[in-house]
Amino acid sequence: MAVSKTFSGLNENALRYLLPRYMSACSGVLLRVGFATVFFWVLGAIRRRERTPSTIRQRLGLMALGFVCVYGYMFFLLKGLSYTTPVSSSIFISLQPVCVFVICLLLGREKADVVKVAGILLGVAGAVVCVATQKSSDVASNPLLGNLFCAGSTIVYSIYLIVSKQFLRTLDNVTVSKWTFLGATVAAIPVALITGWDAPVLNMSVLSVPMLVLLFVLIFPSSVSYLLVDIGLKNLSATVVSLYAGFILIVASLVSYIVGQDHFSWWQILSMAMIVVSLWLVEHDERKSN
C-alpha cells in the first residue's frame, strides 16, 4: 500500500502537468482505463486460469462497479486537477478514511464513538479550510470548482474500496481488476467521443517529456498501483487501506512545492495538519476497537 500510494502521489503531479494542455480530462480517463484494461487482461491471460472461477453475475457486478466507481473516480479527479493544484487535490484524497468510516457507519458495519466523531469533524473542517481560503492564481484557474470535483472523487473511491473488498473475499485481485476496468472503459468511450477526443500528447515523440510523463501515469498509477491496492484489500480492512492515502498528501505536496505546481500557503499547512490529526484519531480508535 505504501508503494501504491507513493505512485498515486506522483500521479497527482504528473496529471496536473498534462492537464489540460496535453490532454483533456475525458480523453485522459479513457487513456488510463483503456491501458489498465489491456494490462489486467494480458496479466490474466498469462496466468491462464482464474484461481477462483467467477460467475456471470459477479462479472456483471464488477463491470457495474467499474462503470460507476472506477470511471467516476478518475473523471472527478482529472476534472478537479484541471482547475486546482495537486496539493489541494491530495488534501481531499487523504480524507478517504473518514469517508470510508462514514459510509460503513451508515451501512451498520462500524460503530461511532466520541474519538471517531471528533476525527471526522476535524477532517471535514480541514477540507473546509482548504476550500474557503484557496484563491484563483497562476497555478489554479478555478480552485473552488476543482476542489468540489476532488471531493466527489474521494467519495466515489471510498465506495469503490468498500464494494471491491466484498468481491475480493471470494475472487482473486486480477479477476476483480480486469472486469472493473473493462466496465470503466465501457463508460469512458462514449463520454470521450461525445466531448471530443483531445490528446495532443499522443502526437509527440516517445522520448518527449509529456509522453514520458503519460507513460508513467499509464503504467504505474493506473495499472500497477491498482494491482497493489487489491493485494492490500485482500489482507487489510477497507478502512486501513484508505489510511494509506496520507502518503499521497505527503508525496504530492513535496513535489508540488519543489517543481512550482503550487505556492506555499499557511492555510494549506493548517488544513493538512487538521486532516493528519483527523486520520490519527480515526486510525488510533480503529486499532483500539480491533
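Tyrosine 73 lies in helix α3, where helices (H or I, at least four residues) are DSSP runs numbered from the N terminus. With a relative accessibility of 9%, tyrosine 73 counts as buried, a term that means under 20% relative accessible area, while exposed means over 50% and partly exposed lies in between (1.4 Å probe, protein chains only). Leaving out residues up to four places away in sequence, tyrosine 73 touches Ile93, Ser153, Val156, Tyr157 and Tyr226, and contact here means heavy atoms within 4.5 Å.

This is a predicted model, in which local features need pLDDT of at least 70 and side-chain atom pairs count only at pLDDT 80 or more, whereas totals for chains, interfaces and linings use all residues. Residues are numbered from 1 along each chain as its sequence is written, and side-chain values use heavy atoms, with hydrogens and water left out.

The predictor's confidence in each residue is given by pLDDT, from 0 to 100. The protein averages a pLDDT of 87, and 94% of the residues score at least 70. Confidence is highest in helix α3 (residues 56-81), at a mean of 96, and lowest in helix α12 (residues 266-289), at 73. Where pLDDT is low, the predicted coordinates should not be read in detail.

The table sets tyrosine 73 beside two other residues and gives, for each, the separation of its C-alpha atom from that of a partner in the chain.

| Residue | Relative accessibility | Partner and separation along the chain | C-alpha separation |
|---|---|---|---|
| Tyrosine 73 | 9% | alanine 14, 59 residues | 17 Å |
| Serine 242 | 0% | leucine 62, 180 residues | 20 Å |
| Valine 255 | 23% | leucine 10, 245 residues | 7.6 Å |

Serine 242 is found in helix α10 (residues 238-243) and is buried. Among residues beyond four places away in sequence, serine 242 touches Gln96, Pro97, Val100 and Leu161. Gln96, Pro97 and Val100 are included among the buried residues of α5, together with Val98, Cys99, Phe101, Ile103 and Cys104. Because eight of the 11 residues of helix α5 (residues 96-106) are buried, this helix is largely enclosed by the rest of the structure. Just after α5, glycine 108 takes a positive phi of about 80 degrees.

Valine 255 is found in helix α11 and counts as partly exposed; beyond four places away in sequence, valine 255 touches Leu10 and Asn13. Leucine 254, also placed in helix α11 (residues 246-259), is exposed, with a relative accessible area of 52%. Together with Ile250, Ile258 and Val259, Leu254 forms a nonpolar patch on the surface, with about 440 Å² of accessible area in total. Such patches are made of residues with over 30% relative accessible area and no salt bridge, with nonpolar side chains (Val, Leu, Ile, Met, Phe, Trp, Tyr) joined within 5 Å and like charges within 9 Å. A salt bridge is a side-chain nitrogen of Lys or Arg within 4 Å of a carboxyl oxygen of Asp or Glu.

Two further features concern the backbone. In the loop between α1 (2-18) and α2 (25-47) lies proline 20, which is joined to leucine 19 by a cis peptide bond with an omega of about -15 degrees. Most peptide bonds are trans. The 20 residues of helix α6 (residues 114-133) should span 28 Å at 1.5 Å a residue, and the end C-alpha atoms of α6 are 28 Å apart, which agrees; the expected span is 1.5 Å times one less than the number of residues.

Terms used
Helices (H or I, at least four residues) and strands (E, at least two) are DSSP runs, numbered from the N terminus. Accessible areas come from the Shrake-Rupley method with a 1.4 Å probe; for residues, only the protein chains shown count as cover.
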